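Visitor: I have a model open and some questions to go with it. Could you walk me through it?

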Amino acid sequence: MTPVAECAIAFVFGSVVGLLMQRSRFCNTAALRDAIMFKTYRNTKAMLVAMMILTVGFTGFMTLGAGHPLQFDVGLNTFAGLFLFGVGMVLAGACTVSTWVKAGEGNLGAVWALLFTFVGMFLFSLAWSWNWWPPAPASMTGEPNLRALQFGFANAGTLQEKLGVPAIVFGLVQAAVLFAIYRAILRRERAQQAHHERHREEAAREAGGGNQGPAAG
């Protein structure tokens, strides 16, 4: 496939995904924020379905040995980065994808959030470069200083590598847990709907009784 064809396919795919994101108003931040603060689960259910599909698909590819899976090194930096990113998403009022959508719609706050996202990525690239190729010429070995990059942790292996169990097994277990959460949300929504209907019926009866009282007198 030529570079022009690859760019054309990427443009079409990106445009379709962008249109779907814009029309659906999907947002990872809203999926968690709305569930916790407002007890609404529209985005939460969509996120869970996406996670189930991606989990099974990704671990399936890993089991077959297809693709080029990355080596995920997990350390204290992972938790620090997740925390800072979460704080940033709350302050911006959207996840990265929704920020792109809002910026395309002309939201100035989203434009500022994107700008400082790029600033953070640039600062991280400086830290990465400094740890990958230390400044001293004699120490430029071309090997990454993983212990510095990962705050003391390096070369974390996957469960498939460590235990010899196919990755799809762990993927199916995780998908089952996500599905259980999805079912729990459905039950909660049904309970909320039943509560609202009872409240509406009680209000209607009270209103009817109040209207009949003066007429009977």
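Visitor: Is Lys39 buried, partly exposed or exposed?

Guide: Keep in mind that this is a predicted model. Lys39 sits in the loop between helix 2 (28–38) and helix 3 (42–64). Its relative accessibility is 39%, and since the partly exposed class runs between 20% and 50%, Lys39 counts as partly exposed.

Visitor: And what is phi of Lys39 near?

Guide: Lys39 is a residue other than glycine, and yet its phi is positive. The value is near 60 degrees.

Visitor: Let's zoom out. What pattern does the protein follow along the sequence?

Guide: DSSP runs give nine helices and zero strands. Read along the sequence, then, the pattern is α-α-α-α-α-α-α-α-α.

Visitor: What percentage of the residues count as buried?

Guide: Buried here means under 20% relative accessible area. The protein has 217 residues, and the share that counts as buried is 18%.

Visitor: How much of the exposed area do carbon and sulfur atoms supply?

Guide: The protein exposes about 15600 Å². Of that area, the part supplied by carbon and sulfur atoms is 72%.

Visitor: What share of the contacts joins residues 24 or more positions apart?

Guide: The count takes in contacts with a separation of 6 or more. Among those, pairs 24 or more positions apart account for 56%.

Visitor: Which residues make the nonpolar surface patch?

Guide: One of its members is Phe116, which is in helix 6 (residues 108–132). Phe116 has a relative accessible area of 53%, so it passes the 50% cut-off and is exposed. The patch covers about 930 Å² and is made by Leu108, Val111, Trp112, Leu115, Phe116, Val119, Phe122, Leu123 and Leu126.

Visitor: There's a negative patch as well. Which residues form that negative surface patch?

Guide: Start from Glu197, whose place is in helix 9 (residues 167–216). Glu197 has 36% relative accessibility and counts as partly exposed. The patch is formed by Glu197, Glu201, Glu202 and Glu206.

Visitor: How many salt bridges does a search of the whole structure find?

Guide: One of them links Asp34 and Arg33, with the closest N and O atoms 3.1 Å apart. Another is a meeting of the side chains of Glu189 and Lys45, at 3.0 Å from N to O. The search of the whole structure finds two.

Visitor: Take the bridge of Asp34 with Arg33. Which class does each partner fall in, buried or partly exposed?

Guide: Asp34 has a relative accessible area of 14%, so Asp34 is buried. Arg33 comes out at 31%, which makes Arg33 partly exposed.

Visitor: How many residues apart in sequence are the parts that Glu189 and Lys45 tie together?

Guide: The two side chains meet in a salt bridge. Glu189 lies in helix 9 and Lys45 in helix 3, so the pair ties together parts whose separation in sequence is 144 residues.

Visitor: Which residues does Thr29 touch, not counting residues up to four places away in sequence?

Guide: Thr29 is found in helix 2. With a relative accessible area of 8%, Thr29 is buried. Leaving out residues up to four places away in sequence, Thr29 touches Met89, Ala94 and Cys95.

Visitor: Seen from Met89, which residues does Met89 touch on the same terms, not counting residues up to four places away in sequence?

Guide: Met89 lies in helix 4 (residues 76–92). At 18% relative accessibility it is under the 20% cut-off, so Met89 counts as buried. Residues up to four places away in sequence aside, Met89 touches Thr29, Ala94 and Cys95.

Visitor: What distance separates the C-alpha atoms of Met89 and Ala30?

Guide: Along the chain, Met89 and Ala30 are 59 residues apart. Their C-alpha atoms are separated by 9.7 Å.

Visitor: One more threonine: which residues does Thr99 touch, not counting residues up to four places away in sequence?

Guide: Thr99 lies in helix 5 (residues 96–104). Thr99 has a relative accessible area of 5%, so it is buried. With residues up to four places away in sequence left out, Thr99 touches Ala94, Ala110, Ala113 and Leu114.

Conventions
Residues numbered from 1 in each chain as written. Predicted model: local features only at pLDDT ≥ 70, side-chain atom pairs only at ≥ 80, totals over all residues. Heavy atoms only, no water. Patch = residues over 30% accessible without salt bridge, like charges linked within 9 Å, V, L, I, M, F, W, Y side chains within 5 Å. Areas by Shrake-Rupley, 256 points an atom, 1.4 Å probe, with all protein chains shown as cover. Salt bridge = Lys/Arg side-chain N within 4 Å of Asp/Glu carboxyl O. Lys, Arg positive; Asp, Glu negative; His and termini not counted. Charge placed at Lys NZ, Arg CZ, Asp CG, Glu CD. Helix = DSSP H or I, 4+ residues; strand = E, 2+ residues; numbered from the N terminus. Buried < 20%, exposed > 50% of the residue type's maximum accessible area, 1.4 Å probe, protein only. Contact = heavy atoms within 4.5 Å.
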